[in-house]
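Reader: I would like to go through the labels attached to this model and ask what each one rests on.

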Amino acid sequence: MSAPTTTAGAEPMTHRQTLEALSGLLLVLFVAMLSSTVVSTALPKIIGSLNGSQNQYTWVVTATLLTATATTPIWGKLADLFNKKLLIQIAIVVFLVGSVIAGFSQSAGQLIAARAFQGIGVGGLQALVQVAIAAMIPPRERGRYNGYLGGVMAVATVGGPLLGGLIVDTSWLGWRWCFFVGVPVAVIALILLQATLHLPTLRRENVKIDYLGATLIAAGVSVLLIWISFVDGSFAWVSWQTGVMVGGALLLLALAVWVESRAAEPVVPLGIVRQHTTALAILGSLAVGMAMFGGAVFLGQYFQIGRGYSPTEAGLLTIPMMAGVLGSSIVAGRLITRTGRIKPYIVAGSIILVAGFALLGTIDHETSLVLVGVAMFIVGTGVGMTMQNLVLAVQNTVALKDIGAASSSVAFFRSLGGTIGVSVLGAVLAHRVTDQITRDLTAAGIPASGAGGDSNLNITALPEGIQHIVRAAYGDATGHIFLISAAIGVVGVIAALLLRPVTLRTSLDLPDAATTAVGADAVDGAPAFDQVSVDPAPRGTPDRR
């Protein structure tokens, strides 16, 4: 059993106070999302200017996702133990430092390292914003505010690529400002949080953080991703290198599970993870993360390298996906608050996501942009209906004192899925592109070395004839990875269908132990949670309309 937890008393927050507190949190979320979206359309030009390869292109994204994945459960656990507001501010500072270092990078390797450090802050922001919102707003009312989350996601995801494209297309700015541009926004977020966010601090005795478990998880995943990046290129699928790396990764992950099962304060609490709703939400998030991150991260590359558009134009062409995210998240959030039912929207969203990726799987370097836009809108609609609601489904089943660990567990596996998805699909894309370029160059009577070795992303340095071959290879190969994303997304559909239909609770914390015993998740056989002491009128309950 956990140590007793106390919560500082506070007056209930009005709807206005809740919106004021949300302003800083949403700006934090905006900064975190901007860090990835602002470079999405600029990355081909960034890697090209640094003479980077397709593998390095993938690792610029993967490095951030990997460190974010490894640190997310630690941040979530810390949120259950210490002041949430201070932790958010610390995460912002780490993110800022990483952004500045990335902006001064002189090589693709340095950029990858800086993005890895930046991911530590991103891991904190993606976990802690959800935790803070859960500590302010009951699950039933939270759907009402998910529309604001969706709006911020849409603005960051639409505005980021456009901003990144404008920056790299503006000669007197340059790509380095893609990393510097988030600094003033983060500073404003720090000021807003200091003024508006007031959350009670949960304090426990004998706090222990499971650093060993976190290290083993990070090491196991890292070794696996390194193997994915180099297999079939530097060494064969069946080789001693494969045996050592895959065997080592599985051993490290098995040790991580063993450590987590015995740790006093595990970073990924197995008791929570084993619950029916949490386990299925994690499975769904893993699949959605693999499909969404793994597929969408290559859209900017498709438009610029495969179709020959500028970074700014590539940003404009991604607007249909963001429109889908914005519209579906607002509508679904309102309907969830009105009905208290969440499963129908997660099921529908996961099915729509698969359909969108299946349609994207038909594209090549000559596909009509109208068809591509419709497919992206469908994918965005699916994302808006699933991503936040999978976290909400889990938050509805756990006690307030465990909200950080539960929320970060879902975020952890979603980020893990994204990390694996980007690595796997990036490796598949690089392999298919290399094969097609080699084949087409040979057919044209040009030596394969004429494509510039591994620096295939520096398209402008290639002769015009070779440029056409490279662009066609990237455009045609991208459709294949979207088909893989659709297949992965089917796992998310199955997980959503297996979720139990429940009505979201209207209180911040779980009811008393007796009521909990007959609750929806009591049938899972999960151990009862220690209850956090809360005021009769819990802080964060917004005014009813």
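Reader: How many aromatic pairs are there, and what makes two rings a pair?
Author: The count comes to 5 aromatic pairs. Rings of Phe, Tyr and Trp (its six-membered ring) pair if their centres lie within 6.5 Å; planes under 30 degrees apart are stacked, over 60 edge-to-face, and the rest tilted. This is a predicted model, where local features need pLDDT of at least 70 and side-chain atom pairs pLDDT 80 or more, while totals for chains, interfaces and linings use all residues. Residues are numbered from 1 along each chain as its sequence is written, and side-chain values use heavy atoms, without hydrogens and water.

Reader: Why is the pair of F104 and F180 called tilted?
Author: The centres of F104 and F180 are 5.1 Å apart, within the 6.5 Å limit, and the planes make 55 degrees, which is neither under 30 nor over 60, so the pair is tilted.

Reader: What does this pair tie together?
Author: F104 lies in the loop between α4 and α5 (108-136), and F180 in helix α7 (residues 177-180), so parts 76 residues apart in sequence are tied together. Helices here are DSSP runs of H or I, at least four residues, numbered from the N terminus. F104 and F180 also belong to one aromatic cluster with W177.

Reader: Is F104 buried or exposed, and how do you know?
Author: F104 has a relative accessible area of 55%. Buried means under 20%, exposed over 50%, and partly exposed in between (1.4 Å probe, protein chains only), so F104 is exposed. F180, at 14%, is under the 20% limit and therefore buried.

Reader: What makes the pair of W175 and F179 edge-to-face?
Author: The planes of W175 and F179 stand at 90 degrees, over the limit of 60, and the centres are 6.2 Å apart, so the pair is edge-to-face. W175 is buried at 12% relative accessibility, and F179 is buried at 4%.

Reader: Which residues make the nonpolar surface patch, and what makes it a patch?
Author: V93, V97, I101 and F117 make a nonpolar patch of about 310 Å². Patch residues have over 30% relative accessible area and no salt bridge (a side-chain nitrogen of Lys or Arg within 4 Å of a carboxyl oxygen of Asp or Glu). Nonpolar side chains (Val, Leu, Ile, Met, Phe, Trp, Tyr) are joined within 5 Å, like charges within 9 Å. Areas come from the Shrake-Rupley method with a 1.4 Å probe. Helix α4 (residues 84-103) gives the largest share, 3 residues.

Reader: Why does V93 count as partly exposed?
Author: V93, in helix α4, has 43% relative accessibility, which falls between 20% and 50%, so V93 is partly exposed.

Methods. Helix = DSSP H or I, 4+ residues; strand = E, 2+ residues; numbered from the N terminus.
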